[in-house]
Amino acid sequence: MADVTLMKTPAETALAQAFESAKTLLPGNVESRSQAFELFTQRGLPHRRVEEFKYTDLRAVLRDIAPFASAPSADEAKAALQAAQALAGVEALQVPFVNGHFVRNAVDLGALPEGVEIVPLAEALASGHDWLARLSPVKWASENPVYQLNTSFMADGVMIRIAGTVDTPIHLRFVTAAASAVATATRILVLVEEGASVTLLETHESTDGANHQPNDVVEIIAGDRTNVQHVRVNAEGDKALALSTLALKVGGEALFNSINVVAGSATSRHQVFAVLAGENTNLRVNGATMLKGSQHGDSTLVVEHAAPYCESRELFKTVIDNEATGVFQGKIIVPHHAQKTDGRMMSAALLLEEGGSMNNKPELEIFADDVQCAHGATCGQLDEDLLFYLMARGLPKKEAESLLVQAFLGEAVEFVENEGAREALIGTVEGWLKARA
Amino acid sequence: MLEIKNLVVQIEDKRILNGLNLTVNKGEMAAIMGPNGSGKSTLSYVIAGKEDYEVLDGEILLDGQNLLEMEADQRAAAGVFLAFQYPLEIPGVASMTFLKATLNAQRKARGEAELTTPDFIKRVNAAAQQLEIPKDMLKRALNVGFSGGEKKRMEILQMALLQPNFCILDETDSGLDIDALRIVSEGVNALRSPDRAFLVITHYQRLLNHIVPDTVHVMSAGRIVKTGGKELALELEATGYADYRETEAA
């Protein structure tokens, strides 16, 4: 067979060079990284002719690869964390990462709340920790190029194990404070043991003005009868290209509730790959995305009902101001044996001005015959009659609009159980609206 | 208090109000009756400031201020209140949040300080009690899942809180059962004062048994065609609007 030379874009060539020089310096097994990078290389950076990336053309967006960030000094880390604001007022166990590196001295690993164990990932990779065998539990993620890049380059992160009821929320704070553009690849693995419950908060912040390129993966394996409440906030800087993946494998009779709130980045893509692996589990995945200027926000979702009798609810709300672009791609997969599945997926977008755009792509892949599945997608403007009603009661137009936008996003946010986090998210929405007025 | 002179209004090239003249004095309870399509609701929307209507001629003065030059929210702050025929449902906005936002927006527009939360709650509770509005209703999203009667009571609650000086009730009796009609009417009557005027729009005499008008105007084809005392309403109930439709044709 003749040799085939694949044409690479400059960014792909730069990634290959970066990987060659980094692979032996990064912690852990070179082989598994190389396998992931090889898988990535086979298809390269996804572009608009790749169906899952049709609306977010990474080849076009990712032209220059920023250098991967090195670990910050203790002072740099401290300053970065002090400046970070997202969900800062919520009482929680803080697990901070600065420039993609776990800030080891910020957490006393020997004195964690009962039921919580944390292992720094870089050390775990270097020493070949047992839990590493549980990485990559979801095949939909493993096949994804963004995820493959994270696996290739992951430099640090943590593995967390939760046993029993943990009342203190765990706040994973990701802060990129470098003045010039850097890339980061952080990996989190959370093992929620049978019967355990926990609230996980995740916030992502970076400095404005720099083309940061974070690529974060959070993987959660939740056992039977677990209860996981997950809140994620993208408050990245205004030039950031933020790629993120949440991979979930949830056991039976469990509750899992996740929301992703987008209030930052020039371009963002949040991918959720969820597998419901046990019966009678209840999954909720919500999104509340606020876009303005020329921002681009992509929420991509795959929910596989791999076991019967599960219920999933997906509600994504997107507010688009100016010429911003929103993307929602959601797929519910129901294999033939997953009878009595109940899945409902909804994406609603509100366009505040002419010139904005929203791309909705809901999909159902159903092979079982006794299921209830529904999806819906809407795009619209603020209701003129509602605006008049509010104005006739004395609210100036901007305030009336803000109240309606808050109400619109509020329907996705109201499912957040942690009151402090919920209030903070409402505050985030209010802040976004205030900046608009 | 309210003076409307030669008001001509159209929507999408359709003439609705046709040189309407109307004066409502301070302390007066004025009723407008008329057949379907005579322009009653349009009149209420135009006074309140809905944008869809094109005002071709005329003026609307409230205490000498030209309402037509003001946005809807400015008119509200100036004292205009429209109780909607079909109050709108606002999912995601708790009734209490809505009430507080509107009350404070009007206070702010008038240069008054915002109400403290305890003061606000005290006022809401007092008004709610009079209108037999249960507290859990106030915690729900505004008008969402409310019955027709509950929605109308919520309109009157807003009126009681905002203390406007010119109140328009657009077919407030529609969709009300006898008990709700009594509660709503009592709520309106409690707000009658020498400084406040009302314009009550209705098809039926029934409401006017509860809210007794000082004057009754008959509207037809976008104009006030007859004005009288409360006995005019009884007369209309007996004879119907047929006479006035003829006027229309003439």
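In the predicted model, helix α1 (residues 40-48) of chain B lies across β1, β2 and β4 (54-62) of chain B. The helix runs at about 70 degrees to β2(B). Helix α1(B) also lies across a further set of strands: β3 (29-33), β6, β9, β10 (197-202) and β11 (215-220) of chain B. Here the angle is about 145 degrees, taken to β9(B).

The strands β1, β2 and β4 belong to an open sheet of 4 strands in chain B. The order is β2-β1-β4-β5, and the pairing is antiparallel. Strands β2 (14-24) and β5 (65-66) of chain B stand at the edges. Each has a single partner strand, so one side of each is left without a neighbour in the sheet. Strand β1 (residues 2-11) of chain B is joined to β2(B) by 8 bridges. These two strands run antiparallel. Within this pair, Ile11(B) has Lys14(B) of β2(B) as its bridge partner.

A second arrangement in chain B is an open sheet of 6 strands. Its order is β6-β9-β10-β3-β11-β12, with mixed pairing. The edge strands are β6 (80-83) and β12 (223-228) of chain B, and each pairs on one side only. From one strand to the next, the twist averages 20 degrees. At one edge, β6(B) pairs with strand β9 (residues 166-170) of chain B in the parallel sense. This pairing extends over 4 bridges. Phe81(B) has its bridge partner in β9(B), namely Cys167(B).

The contacts between the chains were examined next. On chain B, 21 residues are in contact with 17 residues of chain A. Three elements of chain B give two or more residues each to the side that touches chain A: α2 (72-78), β7 (90-94) and α3 (95-109). The largest share of this side, 5 residues, comes from α3(B). By residue class, the side of chain B that touches chain A divides into 13 nonpolar, 5 polar and 3 charged residues.

For chain A, a domain annotation is available from UniProt. An unreviewed entry lists residues 179-408 of chain A as "domain: SUF system FeS cluster assembly SufBD core". In the model, this span is 59% strand and 9% helix. The C-alpha atoms at the ends of the span lie 36 Å apart.

Methods:
Residues numbered from 1 in each chain as written. Chains lettered and ligands numbered in written order. Predicted model: local features only at pLDDT ≥ 70, side-chain atom pairs only at ≥ 80, totals over all residues. Pairing = 2+ DSSP bridges. Contact = placed C-beta atoms within 7 Å. Axes fitted to C-alpha atoms, helices over the stretch in contact; angles between N-to-C directions. UniProt positions renumbered as here; feature names shortened; annotations may be inferred. Nonpolar A, V, L, I, M, F, W, Y, C, P; charged D, E, K, R; others polar.
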